[in-house]
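This report goes through selected residues, the domains and the pockets of one protein chain.

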Amino acid sequence: MGLREDYLVRAQAHGGLVRAFAIDATGVVSELRRVHNTEPAVTAALGRLATGALLFGSMLKEPEHVVSVRVLGDGPAGTLLATATGRGEVRGLVTHAHTGIEQVKENGKLNVSGVVGSNGRLTVARHLGIRHPYVGVVELVSGEIGEDLAHYLRSSEQTPSAVGLGVFVHRDGNVMAAGGYIVQLLPGVTERTAAEIDEAIRALPHPTSMLRGGDTPELVLSRIFGDDVEVLERRPVRFHCPCSKGRVERALMLLGESELRAIHEKDRAAGFTEVTCEFCTARYELSSAELLVLIAATSASRVA
Ligand code: ZN
């Protein structure tokens with residue numbers, strides 16, 4: 001398993017009228033699980049979201065562009081957020097890594113909609129290097145993530161889309177497989193072609209069954225399209241958090257002078273302030289002196 005490399009493929013079929021994406025994100029989701037120490041159903045929920053975010057990220061035009069996908073349902077996990085770049089990096093977070101609810105549904109599947117909730121919102125924000133991101137919001141359909149992302153692509157972006165995402169978690173909590181696919185029909189696809197693709201997707205095994213059986217992302221797509229699929233790009237994907245002490249300092253400055261002074265006062269006896277990155281749990285220490293420099297900079301920028 002350790003030798004398998006995570007990657008996605010971007011492809012087209014039917015003369016470019018169909019766009020298709022497939023991914024093996026087993027290592028990425030294992031890392032997310034390790035970083036956030038999630039219970040199995042939350043591992044599956046966050047893993048599906050991160051996998052979907054990577055596929056959305058592969059639709060971005062530039063490597064430095066970023067897409068963030070946020071789900072806030074009425075389930076006990078709270079907010080789930082995954083952020084992916086156009087170069088195949090993703091990070092994620094969840095409010096509650098442990099919910100304590102039943103992890104497995106009666107049908108034997110992980111209780112993803114139970115931890116997420118089936119009422120709520122899915123928000124997709126694309127940061128394309130301009131001042132404001134493009135933001136789309138839809139209501140959740142089921143809280144199973146894949147269906148919700150498909151609903152978003154259909155309703156917010158007007159592109160008929162099928163989304164299949166899966167995370168297989170071993171009884172011991174380890175991630176054994178994670179991945180999926182997105183298939184999108186562009187204007188001009190005949191009804192007959194659309195029906196054929198629909199039938200092929202309905203006949204597919206579960207994404208993690210295919211991956212555990214040894215399918216590569218390319219093989220997943222050839223199960224849908226046969227030989228009529230042209231791979232345009234093969235891109236490695238990985239878990240990566242770009243946080244740094246500098247970014248932490250800039251984030252602290254956004255809190256404003258009076259909030260920073262309160263933190264300085266609270267931590268004065270300790271002599272330092274500890275900040276933990278919510279995405280990767282990296283810890284940063286700022287000395288009282290460093291915090292005072294930030295406070296000075298904050299008050300100076302307010303005057304300026
Ligand atoms: Zn981080």
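In this predicted model, T159 touches L153, R154, Q184, L185 and L186, not counting residues up to four places away in sequence. T159 sits in the loop between α4 and β8. With a relative accessibility of 13%, T159 falls under the 20% limit and therefore counts as buried. Its side chain reaches the backbone oxygen of E157 at a distance of 3.0 Å.

E157 also appears in the surroundings of R126, a residue of strand β6 (residues 120-127). Apart from neighbours within four places in sequence, R126 is in contact with F56, L60, V66, V67, P133, Y134, Y152 and E157. The contact with Y152 includes a polar contact of 3.4 Å between the two side chains. R126 is a buried residue, because its relative accessible area is 13%.

Y152 is likewise among the contacts of G136, together with L122, T123, V124 and S156, when neighbours within four places in sequence are left aside. The C-alpha atoms of G136 and Y152 are 8.0 Å apart, while 16 residues separate the two along the chain. G136 belongs to strand β7. Its relative accessibility is 5%, so G136 counts as buried.

**Backbone angles**

Most residues other than glycine have a negative phi. Which residues depart from this here? H14 is not a glycine, yet its phi is positive, at about 50°. I145 is another non-glycine residue with a positive phi, of about 75°. H14 lies in the loop between β1 (7-13) and β2 (18-24), and I145 in the loop between β7 (134-139) and α4. H14 has 26% relative accessibility and so counts as partly exposed. For I145 the value is 1%, which means that I145 counts as buried. A further positive phi, of about 50°, is found at N37, just after α1.

**Helix α1**

Which residues of α1 (residues 26-36) are buried? They are T26, V28, V29, L32, V35 and H36. The elements that cover these buried residues include β2, α2, β5 (89-94), β8, β9 and β11 (238-239).

**Domains**

The domain assignment divides the protein into domain 1 (7-239) and domain 2 (245-303). Taken over C-alpha atoms, the centres of domain 1 and domain 2 are separated by 36 Å. How many residues of each domain are in contact with the other? On the side of domain 1 there are eight, and on the side of domain 2 there are four.

**Pockets**

Rolling a probe the size of a water molecule over the atoms shows where empty space is left. The table sets out two pockets by volume and by the class of their lining residues.

| Pocket | Volume | Nonpolar | Polar | Charged |
|---|---|---|---|---|
| Largest pocket | about 1000 Å³ | 21 residues | eight residues | eight residues |
| Second largest pocket | about 400 Å³ | ten residues | three residues | six residues |

The lining of the second largest pocket is made by 19 residues, and R247, V248, A251, V275 and C277 are the closest to its centre. At least two lining residues of the second largest pocket come from each of α8 (245-254), α9 (257-266) and β12 (272-276).

In the largest pocket, 37 residues form the lining, with V163, G164, L165, H206 and P207 nearest the centre. Which element gives the most to this lining? Strand β8 does, with eight residues. The elements that each supply at least two residues to the lining of the largest pocket are α2 (40-57), α4 (146-155), β8 (161-169), β9 (175-185), α5 (191-202) and α6 (207-212).

Several of these elements have already come up. α2, β8 and β9 are among those that cover the buried residues of α1, and each of α2, β8 and β9 also supplies at least two residues to the lining of the largest pocket. The loop that holds T159 runs between α4 and β8, and α4 and β8 each supply at least two residues to that lining as well. I145, with its positive phi of about 75°, is in the loop that leads from β7 to α4.

Conventions: Residues numbered from 1 in each chain as written. Predicted model: local features only at pLDDT ≥ 70, side-chain atom pairs only at ≥ 80, totals over all residues. Heavy atoms only, no water. 1 Å grid on protein atoms, 1.4 Å probe; cavity = no way out; pocket = protein on both sides within 12 Å on 5 of 7 lines; lining within 4 Å. Points joined across faces, edges and corners; volume = space filled by probe spheres on them. Helix = DSSP H or I, 4+ residues; strand = E, 2+ residues; numbered from the N terminus. Nonpolar A, V, L, I, M, F, W, Y, C, P; charged D, E, K, R; others polar. Buried < 20%, exposed > 50% of the residue type's maximum accessible area, 1.4 Å probe, protein only. Polar contact = N/O pair within 3.5 Å; in protein donor to acceptor, adjacent residues only side chain to side chain. Contact = heavy atoms within 4.5 Å. Domains from an automatic or database assignment.
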